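Work through the exercises below with the sequence and the model at hand. Try each task before reading its solution.

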Amino acid sequence: MASSDEELVARSMGGDLDSFNQLVLRWERPIYALAYRVIGREEDARDVAQETFLRAFRALSGFKGQAKFSSWLYRITLNLCRDWIRKERRTPVSQAPEGIDIIELAGEGTPAESIEQLVGRKQLGRAVSKAMAMLPEEQRTAIILKEYHGLTFQEIADMLDCPLSTVKTRLYQGLSVVRKQLEEAGVKPDSLGK
Amino acid sequence: MTCESRELIVGYLYDELTDSERRSFDAHLSVCDECRGEVAGLKATRSHLSLWAPPEPEFAFRVVREQAPDAKVLPMRSRWKPGLGLAAAAVLVLAAATAIANLEVRYDASGLVVRTGWARGDGATVQNTGQDSRAANGAIQPASFRSELQALERRLRDLEISAAARPSAGSLQTASARMDDAEMLRRVRQIVGDAESRQQIIVAERLLEVMRDFDRQRQVDLAAIERGLGTYQGLTNAEIAQQRDMLNQLYRVAARQEK
């Protein structure tokens, strides 16, 4: 049976490097995905993910376990992303490739999906990426933490150090802007065929 | 739309309302077209958001214990010097030729020295300036070697003179003189042999050093070649991507014609 995060953290604090690397293995993809969605650059997101784990490792003795280990990692990642945005004076970018590779898509899709549906899905993903890049950082972060990482409103509020109502407002405003952007891009509400 | 209803809509969308809040909001939705439309629109937006997936990179990141500073590996780019591989090969060939031809080529503070043969007299030396500085290092001492040879030559001359001065000497004396000659030759051979041994050790040491340098450089070259192959691999991938683009284009044209 796999060890819990708490167990691995405790062993890591005792100097067990393998336990910490198990945590890395478990959380590297979510952390990278968070960084990628916040800053929008694959290479930089990977660097941020690596730096997150390095910082976590160095600061492990300071982790008291009040929050979940994952929430602690998310907080480190968001701080690094904020530093990156400030340092680079960049706004997050939408890094979707220009063309759509049908052959590659064919390998990704379910057998029931036609190539047209696959292409449509990919184009829609790109439109979402562009719409998200238009959002102010705080709205984008709130949506990412809620939508892709499943945090509760309260967890997001704790992580971003803001009131619960602010989190909900940011979510509402952010979702409304994305909806508008998608409509302007010609995306219909039923475009997923549901 | 009021702030209160915005928060309720968001809570409703993400299913984070209490039971009583949910019941109350459901009742509100049944009579409010605006809120119903808003909820439907935002639900659709949420389903669209699910299509935004980050690319999948290869993860190879693991935390390792810090190594000693002297074990730090510098990037290959900073260590690579084009042409060093060729230079190392040239040095190796030169060293081998030196060993075979018994040639000494040296350039130091005392100038350029080119010597051939084991018994390097002044006649076989091309030296533009200075004296042999290696004597000071104790590696080889041609000055003492030369003085020993000169002493031997003097001794030989003395013997020849004495032999010529005593033509009527008995067979015993002649035998003694012959024995002295033999001893002399034996000593000369020994001196020359010692000098050869010393020289061979020096050449072997040099050769070893050059081979070590060559091996180090070979490793650097191999790394450079690997990088080069990586570049070619990248080019090949680019060609594959081009072919894919062509196929994609063909697919689109075919799809248009079908329509």
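## Exercise 1: A salt bridge between chains

E56(B) and R29(A) form a salt bridge, with 2.3 Å between the closest N and O atoms. A salt bridge here is a side-chain nitrogen of Lys or Arg within 4 Å of a carboxyl oxygen of Asp or Glu.

This is a predicted model, in which local features need pLDDT of at least 70 and side-chain atom pairs count only at pLDDT 80 or more, while totals for chains, interfaces and linings use all residues. Residues are numbered from 1 along each chain as its sequence is written, chains are lettered from A and ligands numbered from 1 in the order in which they are written, and side-chain values use heavy atoms, with hydrogens and water left out.

**Task.** State where E56(B) and R29(A) lie and how exposed each residue is.

**Solution.**
1. The pair crosses between chains: E56(B) is in the loop between helix 3 and helix 4 (76-79) of chain B, and R29(A) is in helix 2 (residues 17-39) of chain A. Helices (H or I, at least four residues) and strands (E, at least two) are DSSP runs, numbered from the N terminus.
2. The relative accessibility of E56(B) is 59%, so E56(B) counts as exposed. The classes are buried (under 20% relative accessible area), exposed (over 50%) and partly exposed (in between), with a 1.4 Å probe and protein chains only.
3. R29(A), at 40%, counts as partly exposed.

## Exercise 2: The interface

**Task.** Describe the interface of chain B and chain A by its contacts, its area and its salt bridges.

**Solution.**
1. Begin with contacts, meaning heavy atoms within 4.5 Å. On the side of chain B 38 residues take part, and they touch 55 residues of chain A.
2. Next comes area. The size of an interface is often given as the accessible area lost when the parts come together. Buried area is that loss (1.4 Å probe), summed over both parts. Between chain B and chain A it is about 4,500 Å², and carbon and sulfur atoms give 64% of it. W52(B), F61(B) and V63(B) lose the most area in chain B, together 19% of what that side buries.
3. Then count the charged pairs: the rule finds 5 salt bridges across this interface. One pair is E16(B) with K146(A), whose closest N and O atoms are 2.3 Å apart.
4. Finally, ask which elements take part. Helix 1 (3-13), helix 3 (33-49) and helix 8 (171-258) of chain B each give two or more residues to the side that touches chain A. Helix 3 of chain B has the largest share, 10 residues.

## Exercise 3: Salt bridges in chain A

**Task.** For the pairs E51(A)–R55(A) and D161(A)–R75(A), find where the partners lie.

**Solution.**
1. The side chains of E51(A) and R55(A) form a salt bridge of 3.3 Å, N to O. Both are in helix 3 (residues 42-58) of chain A; because they are 4 residues apart, about one helical turn separates them.
2. D161(A) and R75(A) also meet through their side chains, at 3.5 Å from N to O. D161(A) is in the loop between helix 8 and helix 9 of chain A and R75(A) is in helix 4 (residues 69-88) of chain A, so this pair ties together parts 86 residues apart in sequence.
3. D161(A) is exposed at 62% relative accessible area, and R75(A) is partly exposed at 33%.
4. Check the backbone of D161(A) as well: its phi is near 50°, a positive value in a residue other than glycine.

## Exercise 4: Two cysteines

**Task.** Explain why C32(B) and C35(B) are not counted as a disulfide.

**Solution.**
1. A disulfide is a pair of cysteine sulfur atoms within 2.5 Å.
2. The cysteine sulfur closest to that of C32(B) belongs to C35(B), at 3.7 Å, which is too far for a bond.
3. By this rule the count over all chains is 0 disulfides.
4. C32(B) is buried, with a relative accessible area of 16%, and C35(B) is buried too, with 4%.

## Exercise 5: A histidine in a loop

**Task.** Is H149(A) buried or exposed, and what does it touch?

**Solution.**
1. H149(A) lies in the loop between helix 7 (137-147) and helix 8 (153-160) of chain A.
2. H149(A) has a relative accessible area of 15%, so it is buried.
3. Leaving out residues up to four places away in sequence, H149(A) touches P30(A), L34(A), Y74(A) and I144(A).

Methods:
Buried area = accessible area lost by both parts, 1.4 Å probe.
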